[in-house]
Amino acid sequence: MVKIDLITGFLGSGKTTFIKKYAKYLLDKGMSIGILENDFGAVNVDMLLLQDLMGDNCELEMISGGCDKETHRRRFRTKLIAMGMCGYDRVIVEPSGIYDVDEFFDVLHDEPLDKWYEIGNVITIVDAKLEPELSEEADYLLASEAANAGSIILSRAEEATKEQIENTIEHLNRALEQVQCKRRLDREIMRKDGAELSEEDFDKILKSGYVAENYRKMELDEKKGFDSLYFMELKISADELKTQVAKMMQDPECGVIFRVKGFVKDDAGSWMQLNATGHEISMKPIGDGQEVVIVIGEQLKEDCIRKYLEN
C-alpha cells in the first residue's frame, strides 16, 4: 500500500517551505513520491514554488478551481485514484490553509482508496509567533488541524522568543479546549524551525503517525467568514506592490488579512515572489511565476483591497 501524509497548517504558517525539506529528505532515502497540491483557489501559487522538486522520483499534481465542497471532494478522490496507479512509495497532500481535515480521512476510507492507501502521518505547521487574538472560526481551524497531528512543527521558531513559543502552545491547547477536544499538546511539538530540523528529526517525523481525536465540528461554509481574492495582471512594480501590501494589511477597512502571496515582475522583467503575513513581507527572486496576487483572510472587502493593488 502507498503511504499518504497530510501536511496541514493555518494560513501563512509555512507548509510549502516544510514540504520542500520533507520531500528532499524522502527523495534522499530513495523514495518515489507524489505531491498533491489540494487548493480551493483558482490559481495554485504553491505549485509553482515546488517546481524545482520535480524529477524522475518526484511528480507534482494539482487540484484547483473555485468549486463547491462536494465537487472538490470528488476531484480529490479522482486525483488520488490516478496517483494510486503511479507506483509511488509515498504521497504528500498539501491542502489550503482553510481545510476540513475530516475530508482527508473520509475520502481515504472510500473504495478503492482504502485498498491502495495507508495513512502515514498528519503533520501540522504552526507559526511560532501565532497571533494571540484570532476569531472563533480561525481558532477552530487551528484546533481541527492540530487535533489529529502526529507531530507539530513550529515554523519561524528561530525568530520567536521563548515567551512567544510558550504562548503559542498555550493558544493551541486553549483552541482545543474550546472545541471540546480532550487532547493537550506538548511532546508532539517540535520547537524548531524547518530549517533547523536534522535528519534525526525527520526520522522521528516520518514515524509520528496521526491521532484519532473527537472534537466539536463547526460548519465554516455557513459562517462565510474566510475568503480568497485573486488579482490578475496587476500593473504595479515589485517595490510598489510590497509597499501597498504593507499598508493594506494594516487597514481594517480591508478586512482581516492573514496572508498575501503571488508573483510580479521587477524592472528587469524577472519574476519576484511575494509572501506577506502579519509578521513579515518578503519579495524574493524566483525562476518562474504567474501574474497573480492572492489575498486570504476573513471578511475581506474587495473594493478596498483593489484600490491599494491597482493604485
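**Views of a predicted protein chain**

**View 1. Charges across the chain.** The mean positions of the 40 positive and 61 negative charges of the protein chain lie 2 Å apart. Please keep in mind that this is a predicted model. Turning to the surface, the accessible area of the protein chain is about 14,500 Å², and carbon and sulfur atoms account for 44% of that area.

**View 2. The overall fold.** Eleven helices and twelve strands form the secondary structure of the protein chain. Its radius of gyration is 19 Å, close to the 19 Å that the globule rule gives for 311 residues, so the chain is as compact as a globular protein of that length. The C-alpha trace spans about 55 × 45 × 40 Å along its principal axes.

**View 3. Inside the chain.** Of the 311 residues in the protein chain, 56% are buried. Looking at contacts between residues at least 6 apart in sequence, we find that 79% join residues at least 24 apart.

**View 4. A close look at valine 256.** Here we zoom in on valine 256, which lies in strand S9, a strand covering residues 256-265. With a relative accessible area of 44%, valine 256 counts as partly exposed, because that class falls between the 20% limit for buried and the 50% limit for exposed residues.

**View 5. The neighbours of valine 256.** Leaving aside residues up to four places away in sequence, valine 256 touches Ile296, Gly297, Glu298 and Leu300. For one of these partners, leucine 300, the C-alpha atom is separated from that of valine 256 by 6.5 Å, although the two residues are 44 residues apart along the chain.

Note on methods:
Residues are numbered from 1 along each chain as its sequence is written. This is a predicted model: local features need pLDDT of at least 70, side-chain atom pairs count only at pLDDT 80 or more; totals for chains, interfaces and linings use all residues. Side-chain values use heavy atoms; hydrogens and water are left out. Helices (H or I, at least four residues) and strands (E, at least two) are DSSP runs, numbered from the N terminus. The radius of gyration is taken over C-alpha atoms; the globule rule is 2.2 Å times the number of residues to the power 0.38. Buried means under 20% relative accessible area, exposed over 50%, partly exposed in between (1.4 Å probe, protein chains only). Contact means heavy atoms within 4.5 Å. Accessible areas come from the Shrake-Rupley method with a 1.4 Å probe; for residues, only the protein chains shown count as cover. Lys and Arg count as positive and Asp and Glu as negative; His and the chain ends are not counted. The place of a charge is taken as NZ of Lys, CZ of Arg, CG of Asp or CD of Glu.
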